[in-house]
Amino acid sequence: MSNSRGGNSDNLKTLGARDRTGDSVEFQLTEEQIAIKEAVREFCEKEFTEDIIKRYCEAEEFPWDVYRKACKLGFVGIHYPEEYGGQGYGVLENALVTEEMCRADPELGITMVLADFGVELILHFGTEEQKERYVPRVARGESLSAAAFTEPSGGSDISKRLGTVARKEGDEWVINGSKMFITNANLSDYVITLCQTDLEVEPPYRGQTLFIVPTSSQGLDVVKLPGKLGIGPSQTCEVSYSNVKVPDDAVLGELNRGFYHTLRFLNESRVEIAAQGVGVAQGALDRALRYAKERELFGKPLFQLQAVAHKLAWMATKVEAARLLTYKAAWLIDQGQPDPMISSMAKWYAARVAVEVVDEAAQIFGGYFYFEDYDIQRFYRVAKIIEIYEGTKEVQKDTVARFLTRR
Ligand SMILES: Cc1cc2nc3c(=O)[nH]c(=O)nc-3n(C[C@H](O)[C@H](O)[C@H](O)COP(=O)(O)OP(=O)(O)OC[C@H]3O[C@@H](n4cnc5c(N)ncnc54)[C@H](O)[C@@H]3O)c2cc1C
């Protein structure tokens, strides 16, 4: 896959057209964007087989072989600049890849798209040397990427004083503390870590700094957390730092500006999470619709019951609204007009739609939902996490409300 437009340009043209991928009315994507969606769909049909899904989900193992194929085809890093191994597309194209993968399978899809979590921080704020050193390896699938903001004492509000502290000693920084629920820290070369570097400043977020901490560092301990409800192949870890020493050039971005860098990153990454919600909801809708047409109840397909048909109409409407909001948030970023209010709206709304649509899809399956013969059960286990990570729905609504009052 290669980018014929050399960056972000006129992504969305008109409202109200139907694309040839068979999705219902949506913004009209460009031919190139439609081709990306189709290519990802084709890839998932071929690679996300029942055997593969069963194997990796049961073993809770990261699917390196499938992942590296996605890297080779340019789906991973589609939005990184070409000089760092990417395809030079934008946030919208990354959202399209995310949506299609999560639609095809919620667990493998989310696992694949979370695997480069945080690399955009390096792309936006890293030095040339940091970009060259870390990003191409992620694009090639040689390392995953991990970023650590959440602490055991709470993840919703990172503006408070952090427990993970970096102190300058001579030419080095010494890091102590711990981070919770860190995706793929056990499979990454590094963990981008948000630390408190100024213990006196008020408000405390003015004294936070990002560091790129190699996972091979002495004193860094990563423990994979057991017993997760879903997305087993995506690893979730606790990371502890005990006198971990890093050089000055491990600072990512500006000293004491880590909080602001993180907000800028989250504004973008929340759109990717919103796209997860759209994909999971669309995947559940696809399966429920198919089931409602096939399942006969007293001689009639389920779909002919008005209560069931209305459920499906409601689900389709919700998915469409979530998709439009998500594409708009992505498009704004690609146009150089990022809007944190729209990104937060997209994140909480698409996640809520995923939870509600999956719930109604389960209802349509009746008792069969409860058994693993139909994969709708796995959508049910996965949907809820989209409302929690990268900022809970309460945090997103706080952001929306804050911007409403400012405007
Ligand atoms: C599978 C998984 C992967 C993750 N990956 C990462 C990762 O890679 N990196 C990373 O840094 N983190 C990661 N997280 C952490 C995730 O972002 C946090 O779980 C999330 O931000 C919520 O933080 P918390 O769990 O500490 O909940 P808490 O902060 O304890 O919040 C608990 C509840 O209280 C509510 N609440 C808190 N404060 C307020 C308030 N002021 N007003 C109203 N309600 C409030 C919250 O909305 C939530 O409902 C991951 C989590 C999971 C489960």
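A polar contact here means a pair of N or O atoms within 3.5 Å. With that in hand, here's a quick tour of this predicted model, starting at the ligand and moving on to the second largest pocket. The ligand has 18 residues around it, and the pocket has 30 residues lining it.

**Polar contacts with the ligand**
- On the T183 side chain, an N or O atom sits 2.8 Å from a nitrogen atom of the ligand.
- S156 also uses its side chain: a polar atom there is 2.7 Å from a ligand oxygen.
- F149 goes through its backbone instead, with an N or O atom 2.8 Å from an oxygen atom of the ligand.
- As for cover, the ligand on its own has 980 Å² of accessible area, and the protein covers 65% of that.

**The shell around the ligand**
- β1 (144-148) and β3 (172-183) are the elements that put two or more residues into the shell.
- β3 gives the most, with 3 residues.
- The closest residues are T150, G155, S156, F181 and T392.
- Sorted by class, you get 9 nonpolar, 7 polar and 2 charged residues.

**The second largest pocket**
- Its volume comes to about 890 Å³.
- T49, E50, I53, D375 and R378 are the lining residues closest to the pocket's centre.
- Elements giving two or more residues to the lining are α1 (31-47), α2 (50-59), α4 (91-104), α8 (258-294) and α11 (376-386).
- α2 has the largest share of that lining, at 5 residues.
- The class split for this lining is 8 nonpolar, 4 polar and 18 charged residues.

Key: Residues numbered from 1 in each chain as written. Predicted model: local features only at pLDDT ≥ 70, side-chain atom pairs only at ≥ 80, totals over all residues. Heavy atoms only, no water. Near = heavy atom within 4 Å. Polar contact = N/O pair within 3.5 Å; in protein donor to acceptor, adjacent residues only side chain to side chain. Areas by Shrake-Rupley, 256 points an atom, 1.4 Å probe, with all protein chains shown as cover. Helix = DSSP H or I, 4+ residues; strand = E, 2+ residues; numbered from the N terminus. Nonpolar A, V, L, I, M, F, W, Y, C, P; charged D, E, K, R; others polar. 1 Å grid on protein atoms, 1.4 Å probe; cavity = no way out; pocket = protein on both sides within 12 Å on 5 of 7 lines; lining within 4 Å. Points joined across faces, edges and corners; volume = space filled by probe spheres on them.
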